[in-house]
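Visitor: Hi, got a minute to go through this one with me? I'd like the short tour.
Guide: Sure, let's put it on screen.

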Amino acid sequence: MKTKFFCRYALAIVLLCGNILFAFNGMPLPERKFKKLATKKSATAASIITAVGNQVYCPQSSIKIVTDVTINSTEEITAVYIQISSGYINGEDVLSLINVSPNLTSNWNPDSGTLTISRNNSSALLSEFITAIKAVEFRNSSATPSGIRNFSISLGQANYLPSSKHYYQFVSSPGISWGDAKRAAAASNYFGLKGYLVTITTLDEAIFVGEQLSGTGWIGGSDARKEPYWLWETGPEEGTQFWYGRESGSTTTFAYWNDFKEPNNGGELALKGVEDYAYIAPPGNGQKGRWNDTSLYGSSDPANVNYPRGYIVEYGGMPGDVYPQISASTSLTILSITETKAPEICGSGTAVLEAKSAAGTINWYADETGASLIATGPSFTTPVLNANQTYYTAAEFEGCVTKRTAVNVRVNAVPEVTSVSNPAPVCGSGIFFLEATVSSGEANWYDSKTGGSVLGTGNLFITPNLSSNTIYYAEANNNECRSLARTPIEIKIYPLPDVQNQEVVLCAPNSATLDAGISNMSYLWSTGETTQKITVSQLGTYYVDVTASTAGNCSNRKTIKVIELPAPEIQKVDVDNRTVTIILSNPESYYEYSVDGINFQNSNVFHDAPGGLQTAYAREKSGCKTASKSFIVLVFPAFFTPNNDSYNDVWEVTGMENYPEAQITIFDRYGKFIAQLNASKKYWDGTTNKVPLPASDYWYALKIDNTQPILRGHFTLKR
């Protein structure tokens with residue numbers, strides 16, 4: 001017993017000390033009082049509240065927020081906090097408690113949407129709090145409310161958000177830095193839940209924290225690690241990036257910057273790159289509840305928007321947290337029509353109208369106030385309509401019927417294309433500006449009579465560059481109600497005379513004939529002449545305008561360059577046996593070649609050239625300029641038949657006569673000297689000392705002079 005007694009009071013002392021320390025961190029007096037209560041052992045472990053009562057709300061009525069509630073507590077309850085925690089609309093939603101017990105007092109705070117029920121004296125019983133909670137009523141003053149209202153009923157003063165199951169408190173601490181706020185929040189505790197500087201990850205949480213707490217201040221976001229990547233630096237989301245960049249929408253999870261603008265968007269601190277810490281701006285400084293950024297210490301001027309007014313602590317979600325059962329929640333779904341759809345009708349026809357409701361049955365009516373019900377259910381098919389018509393729908397639940405919502409059916413008159421432009425024909429190609437006037441709506445443009453894709457919209461359509469006859473089509477479109485047929489617009493393009501530019505070579509001092517190239521046209525040369533062909537004797541550029549006599553009288557210009565080509569220059573003539581190659585020092589594709597001066601070819605290589613002294617020719621293909629060079633072809637007979645039949649009776653080298661110093665030595669197959677030929681003895685008759693030699697292969701060695709190598713080969717003597 002002594003041990004238990006000691007532990008109980010030791011724990012109370014520790015918790016009390018913690019509360020005193022917390023108070024010095026800037027918690028306002030009412031919050032300090034509640035904090036003291038919340039840290040009692042019995043309040044942490046022995047206070048449990050449950051509530052039921054998820055219901056449907058009938059507009060402009062009053063309804064109890066719970067159908068039943070229980071509170072089990074071994075400790076006294078000094079206050080209960082009931083808050084519209086989501087969906088709250090200030091000025092429309094109200095919580096009220098009528099005929100409250102004389103031992104209790106209720107206070108409605110429209111800024112936070114909180115009804116506080118507190119005891120007047122120590123006589124207030126737990127049963128009186130339970131009775132009071134059951135008597136709390138919700139009412140909305142709008143004739144057409146919508147949405148869902150969530151209610152949190154808490155035995156602690158911190159705001160409770162059912163969607164996150166977390167608690168939130170604003171701590172007033174004017175002038176506190178972001179770093180001190182972070183440390184103070186981390187040192188706080190709420191009914192066993194560890195505190196941290198708030199992290200906001202949903203719109204529901206952002207609105208709740210930014211608009212329904214008792215104040216605004218520091219939150220747990222920073223880009224101090226790396227500009228401009230914003231991270232949550234506290235709580236279970238620590239290290240999570242939620243925003244980057246400097247454009248609206250650069251959000252990886254969720255962000256709620258003021259006026260949808262990026263942070264660091266102006267001011268001296270922004271230019272210095274030190275606005276690294278996030279806070280919820282106070283009312284009157286942009287959109288309510290939105291975030292802004294400033295330096296670690298903020299402004300020192302209390303009138304400045306960046307002056308720190310305190311910080312917001314979040315409880316819940318940390319490792320090891322055990323959630324107390326000090327809060328319960330219920331919800332009201334407001335009976336309403338949440339969505340309607342009404343397709344438009346083109347000309348006449350029926351339409352399928354659709355509606356969605358938050359709860360209950362959907363009714364359809366022909367007028368706004370009449371009692372005649374024409375259909376029920378989520379859809380209604382109208383009769384055939386020829387003009388605009390309005391129907392009405394309402395939601396009904398357990399005898400409650402909402403105000404009727406108008407559903408307008410629009411019947412669009414079938415539009416027509418009343419006039420189109422008719423562009424004048426052009427020659428060759430062009431870009432055209434097409435115009436169409438419609439009776440209503442706007443014009444759609446196509447390149448096909450039916451089907452196809454829309455090429456453009458509007459009364460003006462600019463075509464691409466066209467080079468052939470083309471038809472475009474205009475269609476009237478009034479809210480997807482389209483004309484019955486498309487109106488064609490024909491574009492006529494006349495062909496140009498088909499002329500080809502060319503180059504003509506002039507062989508000075510001769511003249512050249514220039515030809516327009518197309519007959520039966522009109523011609524106008526740059527020289528002033530009007531014939532199809534003209535003769536010129538000067539180099540230069542000439543042109544002729546060729547005009548057709550057909551529709552459009554289209555003209556096209558042909559350009560002719562009169563040029564002079566350089567003369568070929570023969571560098572050398574290579575002779576390999578009877579293959580001759582003419583090599584130029586300035587080879588061009590416009591040169592041609594010959595070895596007889598009569599027959600010319602594009603190739604500079606000739607085969608089976610005749611023996612003896614020859615001449616190589618190269619000329620420009622027009623025959624204007626020619627170059628020539630002599631060469632010798634030596635022909636060594638492969639055999640001879642010395643039988644006195646006048647055919648191949650001797651072995652003689654054709655072309656050798658052109659080399660007066662040349663000598664040919666003949667050997668037999670064993671290398672024995674047989675004969676020697678020169679300028680005075682030009683052939684061998686197959687004998688030695690007039691004795692015929694036998695048929696066999698014989699070898700020769702030709703020495704032309706002392707500057708050229710010896711040529712060797714063999715031939716056959718046949719008998």
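Visitor: What is the mean pLDDT of the protein chain?
Guide: The mean is 89, and 91% of the residues reach 70 or more. pLDDT is the predictor's confidence in each residue, from 0 to 100. This is a predicted model, where local features need pLDDT of at least 70, side-chain atom pairs count only at pLDDT 80 or more, and totals for chains, interfaces and linings use all residues. Residues are numbered from 1 along each chain as its sequence is written, and side-chain values use heavy atoms, with hydrogens and water left out.

Visitor: Where is the pLDDT below 50?
Guide: Residues 1-45 are below 50, and that stretch has 55 contacts in the model beyond near neighbours in sequence. A contact means heavy atoms within 4.5 Å. Residues 266-271 also stay under 50, with 8 contacts beyond four places in sequence.

Visitor: Switching topic: how many salt bridges are there?
Guide: The count comes to 16, taking a side-chain nitrogen of Lys or Arg within 4 Å of a carboxyl oxygen of Asp or Glu. One of them pairs E137 with K64, at 2.9 Å from N to O.

Visitor: And what does that pair tie together?
Guide: E137 is in strand β9 (residues 137-140) and K64 is in strand β3 (residues 62-64), so the pair links parts that are 73 residues apart in sequence. Strands here are DSSP runs (E, at least two residues), numbered from the N terminus.

Visitor: Any backbone oddities? Which residues does a cis peptide bond join?
Guide: E227 and P228, with omega at about -5 degrees. P228 lies in the loop between β15 (218-222) and β16 (230-232). Then there's N644, a non-glycine residue with a positive phi, near 60 degrees. N644 sits in the loop between β54 (639-640) and β55 (651-652).

Visitor: What about the surface, which residues form a nonpolar patch?
Guide: I431, F433, L460 and I462, with about 400 Å² of accessible area together. F433 belongs to strand β34 (residues 433-438).

Visitor: Last one: how many cavities of 30 Å³ or more does a search of the whole structure find?
Guide: It finds 2. The second largest has a volume of about 70 Å³, and its lining includes W218, Y279, Y307 and R309.

How values were computed. Patch = residues over 30% accessible without salt bridge, like charges linked within 9 Å, V, L, I, M, F, W, Y side chains within 5 Å. Areas by Shrake-Rupley, 256 points an atom, 1.4 Å probe, with all protein chains shown as cover. Helix = DSSP H or I, 4+ residues; strand = E, 2+ residues; numbered from the N terminus. 1 Å grid on protein atoms, 1.4 Å probe; cavity = no way out; pocket = protein on both sides within 12 Å on 5 of 7 lines; lining within 4 Å. Points joined across faces, edges and corners; volume = space filled by probe spheres on them.
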